[in-house]
Structures are given as structure tokens and as C-alpha cells.
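Hi there,

Here is the structure I promised to pass on. My notes on it follow below, so have a look and tell me what you think.

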Amino acid sequence: TLDGLCAVLEIITPNHLLLIPRIYLVNYFCQDGIETKGRHLALLNYIILYPNSADKLTEVLINEIGHLVWDKKLNPQQRIEFYYLMLKEVPATLDKNDEQERYIFVLENFANSYLFYRLGIFDERRYPQIYLFIFSL
């Protein structure tokens, strides 16, 4: 619902909200499969929420905003810094042998870290440097 969307946006800091010119709530499913609940269009900064995101609107929307923060707020040096923090605090990062697979793993973990931070459920004791990195944004 629109009220639910507004409530989620109140969790986000104003400077991150400025990165989002449009959020689309569409009535069709993603061509990639019904399990896809949201998507961000990096070149346009748009976020698309599919009908099956309704039950997890908060999580899906904040995750997609996390992707936009990665794309539009972080500079290349900050992305590299986050990559090295992942290598240090999330050893599973090294299990990804393919560069593209590792990049996607790091990107998804950034968006999830952003989500957990915004919801107040980030495990800062287990991932202290990643927490400080997200906090600094």
C-alpha cells in the first residue's frame, strides 16, 4: 500500500532518498521469474516493486535502496574498501572463484548490510568494520 511505502521511506536518511527519483509499484511480474520481488534500474535510479513484494515490502524496498546507494553514492575507492572488508569479515567471499559471481556476492551483501543497518538488526559484533562502513554513509 502507499501508506506502507511511506512508512518504509521514513526509515531512510534524507540524503539517500534524494538518490531515488521514482518508485514504481507495478501490477505485473518480473520476466526473470516470479521470485524476483524488486529491482533497481541503475542508469535511471528507479526502483520497481512487483506485486509479490507486498508481504516483504520493507525488506525489498530497503534492499533496492541499498543497491542505489552502492551505485550512486559510493565512489570506486569506497566500493574497493567494502570489498576488502568483505574479504576480512565474511570469509565466504573467497569461496567465489568467478569474478562476476564474487562481485554479485559483494554487491548483494552491501544491499543486505544496508537493510540490516536500517532495520536495526545488523550484527555489529560479528561484522564490526562493515557496520562502521555502513554507519558512515
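Please keep in mind that this is a predicted model. I'll begin with a threonine: T93 sits in the loop that runs between α4 and α5. Is the residue buried or exposed? T93 is buried, as its relative accessible area is 0%, and buried here means under 20%. Leaving aside residues up to four places away in sequence, T93 is in contact with M86, L87, R102, F105 and V106. There is also a polar partner for the side chain of T93: one of its polar atoms lies 3.4 Å from the backbone oxygen of M86.

The helices α4 and α5 come up again with helix α6, which spans residues 128–135. Which residues of α6 are buried? They are I130, Y131, F133 and I134. These four share one side of α6, because the arc they cover around the axis is only 160 degrees. The general background will be familiar to you: an α-helix has 3.6 residues a turn, so residues three or four places apart point the same way. And what do the buried residues of α6 pack against? Their partners are α4 (76–89) and α5 (99–119).

Next, an asparagine. N15 belongs to helix α2, residues 14–17, and its relative accessibility of 36% makes it partly exposed. The N15 side chain has a polar contact of 2.9 Å with the side chain of T13. Setting aside residues up to four places away in sequence, N15 touches K73 and L137. In case you want a distance to check your own scripts against, N15 and Q78 are 17 Å apart from C-alpha to C-alpha, with a separation of 63 residues in sequence.

Finally, the sheet. It is open and built from three strands in the order β1-β3-β2, with mixed pairing. At the edges are β1 (23–25) and β2 (38–41), each of which pairs on one side only. From one strand to the next, the twist averages 20 degrees. How do β1 and β3 pair, parallel or antiparallel? Strand β3 covers residues 46–49, and its pairing with β1 is parallel, over three bridges. If you would like a place to look, Y24 stands opposite I48 of β3.

That is what I have for now. Happy to talk it through whenever suits you.

Best wishes

Terms used. Residues are numbered from 1 along each chain as its sequence is written. This is a predicted model: local features need pLDDT of at least 70, side-chain atom pairs count only at pLDDT 80 or more; totals for chains, interfaces and linings use all residues. Side-chain values use heavy atoms; hydrogens and water are left out. Buried means under 20% relative accessible area, exposed over 50%, partly exposed in between (1.4 Å probe, protein chains only). Helices (H or I, at least four residues) and strands (E, at least two) are DSSP runs, numbered from the N terminus. The arc is that of the directions from the helix axis to the C-beta atoms. Contact means heavy atoms within 4.5 Å. A polar contact is a pair of N or O atoms within 3.5 Å; within protein, one must be able to donate a hydrogen and the other to accept it, and residues adjacent in sequence count only if both atoms are side-chain atoms. Two strands pair if DSSP finds at least two bridges between them. Axes are lines fitted to C-alpha atoms, for helices over the stretch in contact, and angles run from 0 to 180 degrees between N-to-C directions.
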